[in-house]
2 protein chains.
Amino acid sequence: MSVLSTKERILNTTEKIISEIGFSSMSLRTISTQAKTNLAAVNYHFGNKEKLIEMMLERRLDNLFQLRINLLDNLESGSSQPCNLKQVLEAFITPALTMSNDKHQGGSLFMKVLARAYAEKSEYLHDLLSKRYSDTIKRFALAIQRACPYLDEQVVFWRFHFIMGALVYVMADFGASSRTNNLSDTEYFNICCNELINFALSSFSQTS
Amino acid sequence: MSVLSTKERILNTTEKIISEIGFSSMSLRTISTQAKTNLAAVNYHFGNKEKLIEMMLERRLDNLFQLRINLLDNLESGSSQPCNLKQVLEAFITPALTMSNDKHQGGSLFMKVLARAYAEKSEYLHDLLSKRYSDTIKRFALAIQRACPYLDEQVVFWRFHFIMGALVYVMADFGASSRTNNLSDTEYFNICCNELINFALSSFSQTS
DNA sequence: ATTTTTATCAAACAACCGTTTGAATTTGTA
DNA sequence: TACAAATTCAAACGGTTGTTTGATAAAAAT
């Protein structure tokens with residue numbers, strides 16, 4: 001329980017607060033209070049608010065994109081043939097939804113944070129994504145392109161971005177209001193994951 | 001130009017500010033300044049900040065959903081047969097993108113506001129959508145269901161929500177960073193609209 | 001023209017924000 | 001044990017927030 005350091009408690013609480021009320025509404029006072037420490041501790045450990053947010057994002061994003069890269073590496077290793085489309089989509093989508101479903105490590109909170117960062121056009125996230133993760137995104141777009149040679153390059157680009165939009169939408173738990181009551185969280189996420197992949201797969205099918 | 005009343009100038013400026021910096025970062029002082037009026041005028045005309053936001057949202061949402069309803073009414077009138085899927089999707093999507101592309105009436109700003117409202121889980125919007133517009137959304141889901149009898153009801157439900165996510169994502173202009181430079185705004189939105197409808201259409205195609 | 005309502009405005013209010021300070025406390029080390 | 005470094009804490013700083021007040025100005029009504 002309270003074996004966590006103050007620094008870790010602050011990071012975890014920051015995830016929790018931002019997932020609940022968003023970036024621009026979050027205050028260091030509510031964070032320090034909920035993390036059972038002092039207001040000044042935030043500035044002591046992280047310098048300022050901006051750096052706290054950056055560290056909170058980087059802690060999880062590296063993990064998420066590494067999972068995606070590993071899955072794509074496995075698919076592309078040992079063959080120069082185009083990958084199976086469904087497997088590529090799964091390699092991109094499942095790490096996000098797995099994190100969403102991971103309660104123990106706080107990943108489920110982070111995916112909501114990520115959705116909010118997308119939505120609020122967070123400068124921190126935008127810079128991180130364009131500087132540190134754009135290569136991975138391009139790799140996936142290329143893999144999809146190779147798996148769907150019948151689709152125009154621009155069309156693949158658009159639909160991949162639409163799917164990212166749907167993914168963010170789901171991560172933010174917008175469907176929650178219409179969730180069937182008798183489903184556990186695990187069941188819900190499993191269905192959601194399956195439906196989203198089929199949705200993505202279907203959206204890359206050839207149109208007449 | 002300045003034939004607009006103070007009330008209208010405040011509403012328009014609120015749209016503009018929120019589309020730029022979001023709900024939680026917006027302040028009544030920046031709004032009153034930019035609307036070329038006094039700070040107290042906001043509270044005088046709208047009571048408080050919350051009611052200002054509600055009025056700003058309601059002013060446009062009624063218009064948007066009425067456009068959708070009109071299009072769907074036309075499709076369903078005169079025949080008890082299921083509607084054409086593409087036409088149903090167009091009836092839902094095009095009003096949003098038309099508003100996005102409408103500069104004269106300020107609709108383009110509002111669609112960004114709407115995207116932010118979705119993203120920030122605005123209570124105002126959530127209540128409005130679930131109380132005032134849920135019937136329309138259910139009508140569209142049903143029309144899609146009838147047009148795709150080969151798909152399970154739950155699958156239709158999921159994919160319709162995924163598409164709403166993609167629509168919000170597009171409205172928020174997230175693809176902007178990757179926009180081709182030599183496209184005008186009008187051209188960009190026409191392409192975007194077309195791609196999104198084909199995307200939605202494709203996503204409801206039967207999967208193997 | 002006078003009264004009444006409506007609208008605008010500068011100023012002030014209390015509450016909250018991120019950050020800094022300097023002293024107290026805990027922890028690690030010699 | 002004694003010293004030094006790392007950490008915690010209450011308090012205060014200047015700045016911004018939404019809201020209210022009361023005086024002024026404009027418009028409408030009598």
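Chain A of this predicted model has nine helices and zero strands, where helices are DSSP runs of H or I with at least four residues, strands are runs of E with at least two, and both are numbered from the N terminus. Of its 208 residues, 49% count as buried, that is, under 20% relative accessible area with a 1.4 Å probe, protein chains only.

Let me turn to the interior. The largest nonpolar core has 134 residues; such a core is a set of buried Ala, Val, Leu, Ile, Met, Phe, Trp, Tyr and Cys residues joined through side-chain atoms within 4.5 Å. L57(A), L61(A), F204(A) and F204(B) have the most contacts inside this core. Beyond its neighbours within four places in sequence, L57(A) is in contact (heavy atoms within 4.5 Å) with residues including F23(A), F110(A) and L128(A).

Next, the DNA. Among the 16 residues around DNA strand C, those that come nearest are R29(A), K49(A), T6(B), Y44(B) and H45(B); a residue is near the strand if one of its heavy atoms lies within 4 Å of it. Sugar and phosphate make up 52% of the strand C atoms that come within 4 Å of the protein.

Three polar contacts, meaning pairs of N or O atoms within 3.5 Å, deserve mention. An N or O atom in the side chain of R29(A) is 2.6 Å from a base nitrogen of DNA strand C. Phosphate oxygens of that strand lie 2.9 Å from a polar backbone atom of L28(A) and 2.8 Å from a polar side-chain atom of Y44(B).

Finally, conventions. Residues are numbered from 1 along each chain as written, and chains are lettered from A and ligands numbered from 1 in written order. Local features need pLDDT of at least 70 and side-chain atom pairs 80 or more, whereas totals for chains, interfaces and linings use all residues; side-chain values use heavy atoms, without hydrogens and water.

Key: Buried < 20%, exposed > 50% of the residue type's maximum accessible area, 1.4 Å probe, protein only. Polar contact = N/O pair within 3.5 Å; in protein donor to acceptor, adjacent residues only side chain to side chain.
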